[in-house]
Amino acid sequence: MSTKKVMRAGILGATGTVGQRFICLLSSNPRFEIHVLGASDRSAGRPYSQATNWKLSDRLPENVASMIVKSCNPSEFEGCDLIFSGLDASVATEIEKSFMEGNFPVFSNAKNYRMFDTVPLVIPTANPEHFAVIGQQRKEFNLNRGYIITNSNCSVTGIAVVLKALQLTFGKISKVMVTTMQAISGAGYPGVASLDIMDNVVPHIGGEEEKIEQELGKILGSASTDNTSILSDDQLKVSAMCNRVAVIDGHTSSVSIEFASGQKPSIQEIKTCLSEYRCMAQQLGCHSAPKQAIIVHENQDRPQPRLDRMNENGMAVSIGRIRECPILDFKFTILVHNTILGAAGASMLNAELASEMGLI
Ligand SMILES: NC(=O)C1=CN([C@@H]2O[C@H](COP(=O)(O)OP(=O)(O)OC[C@H]3O[C@@H](n4cnc5c(N)ncnc54)[C@H](OP(=O)(O)O)[C@@H]3O)[C@@H](O)[C@H]2O)C=CC1
Ligand SMILES: N[C@@H](CC(=O)OP(=O)(O)O)C(=O)O
């Protein structure tokens, strides 16, 4: 039996799509105990089962169903060791800051703080070394315990894990072209109207292309030598085109890349590099680390969202169709579960890593 400390978790935005995922994932993780649930004033004061419109096939845990939802005020979250946020971006700036200033470690899914120099933008199976700037963030806000760590846009997640593994072995990547096919759960609930998405592909997701183009460079960048900021990889050029498709969960991306060195490894070397990739969360034995962070598919028609999104409990990235590209160096297809490794699962594993590093 594990002797590691059980962390009491507060969840902001607990009634939403990402909030529901947090409840499922944290309920079955022995490292966490759900302590307080928070949402808007529309939900506060009501039992969770009445405040939320439960949309997951996993059953709502009984002990959570009867919890009374609180407003997102730090005074309501006394006794929490850490805070997970699945808040709507329109309210995340003020609310997350108030929790950070209230000296809570905050693990956020919202876009609001991702590009701040002293805020780690971390995918747990790619770049947890970026936690190194937490000390500087605490110094800036004069805090001894609080901070904000964010995870990335859900489409960026799968691409970044693969590119990080390649970069560690073959050096920097200079160009990325990506076309996404994104699930409707990415838009929250009720999300895209059924009359818009059934029998259809919508070739626009507001702000998504810009986020992919910016966030990838930060994740593939590094902490400055004095750990005072994260330096984005400025040489990396990214072009993204985003589409909404009639899939419930799982974002698929068609990706082409070019290496900066001008030298091309073989396809077999790429497959070996990705299959053998081991990340810090695995080395530290974190409870929710996937056994295999990247799954390389050999069948020509994989990965597919319906078949592959739950690999490693949704914490793995799947890649297939790795082949030469006549314009850039290589092209392939990547799949990630958008609300697990792309959202709540990433925050959860980030918190396990932060605990191992003595940050909680
Ligand atoms: N869905 C996905 O795949 C991903 C989402 N994200 C990000 O995660 C966040 C949550 O997304 P998602 O779960 O899809 O969104 P939802 O719209 O499903 O949920 C939003 C949550 O925010 C709460 N909220 C809204 N307004 C307020 C307020 N004024 N005060 C307090 N709480 C409020 C809602 O509470 P109430 O029910 O009471 O209104 C609800 O719990 C967003 O920032 C999103 O961009 C990131 C990666 C992937
Ligand atoms: N925009 C993503 C989900 C999301 O909310 O992204 P972000 O957290 O980067 O705003 C999607 O629709 O699939």
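The backbone oxygen of asparagine 151 lies 3.0 Å from a polar atom of the side chain of arginine 114, and in this predicted model that same side chain also reaches the backbone oxygen of asparagine 109, at 2.8 Å. Arginine 114 itself belongs to the loop that runs between strand S5 (105-108) and helix H5 (134-141). Although a charged residue, arginine 114 has a relative accessibility of 5% and therefore counts as buried, the cut-off being 20%. Once residues up to four places away in sequence are set aside, the residues that arginine 114 touches include Asn109, Thr150, Asn151, Ser152 and Asn153, together with Lys211, Glu215 and Lys218; Val119 and Leu121 are also among them.

From here the path leads to the annotated positions. The UniProt record, an unreviewed entry, places the feature "active site" at Cys154 and His251. These two positions span 98 residues in sequence, yet their C-alpha atoms are no more than 7.7 Å apart, so they gather at one spot.

Cysteine 154 is part of helix H6, which covers residues 154-170, and its relative accessibility of 15% falls under the 20% limit, so cysteine 154 counts as buried. Beyond its neighbours within four places in sequence, cysteine 154 is in contact with His251, Val336, Asn338 and Gly342.

Histidine 251 is found in a strand, S12, made up of residues 251-259, and with a relative accessibility of 1% histidine 251 likewise counts as buried. The contacts of histidine 251, again leaving aside neighbours within four places in sequence, include Cys154 and Ser155, then Met181, Gln182, Ala183 and Gly186, and also Ile334, Leu335, Val336 and Asn338. One of these contacts can be described at the level of polar atoms, for the side chain of histidine 251 reaches the backbone nitrogen of alanine 183 at 2.9 Å.

A further topic is the open space in the model. Rolling a probe the size of a water molecule over the atoms shows where empty space is left. The second largest pocket holds about 390 Å³ of space, and its lining is formed by 19 residues, with Leu25, Ser28, Ser288, Asn313 and Met348 lying nearest its centre. Two or more residues of this lining are given by helix H1 (17-27) and by helix H12 (340-356), and H1 gives the most, with four residues. In chemical character, the lining of the second largest pocket divides into nine nonpolar, six polar and four charged residues.

How values were computed:
Residues are numbered from 1 along each chain as its sequence is written. Chains are lettered from A and ligands numbered from 1 in the order in which they are written. This is a predicted model: local features need pLDDT of at least 70, side-chain atom pairs count only at pLDDT 80 or more; totals for chains, interfaces and linings use all residues. Side-chain values use heavy atoms; hydrogens and water are left out. UniProt positions are given in the numbering used here, feature names are shortened, and annotations may be inferred rather than shown by experiment. Buried means under 20% relative accessible area, exposed over 50%, partly exposed in between (1.4 Å probe, protein chains only). Contact means heavy atoms within 4.5 Å. A polar contact is a pair of N or O atoms within 3.5 Å; within protein, one must be able to donate a hydrogen and the other to accept it, and residues adjacent in sequence count only if both atoms are side-chain atoms. On a 1 Å grid over the protein atoms alone, a cavity is a set of points where a 1.4 Å probe fits but cannot get out, and a pocket is an open set with protein on both sides within 12 Å along at least five of seven lines; lining residues have an atom within 4 Å of a point. Grid points are joined across faces, edges and corners, and a volume is the space filled by probe spheres set on the points.
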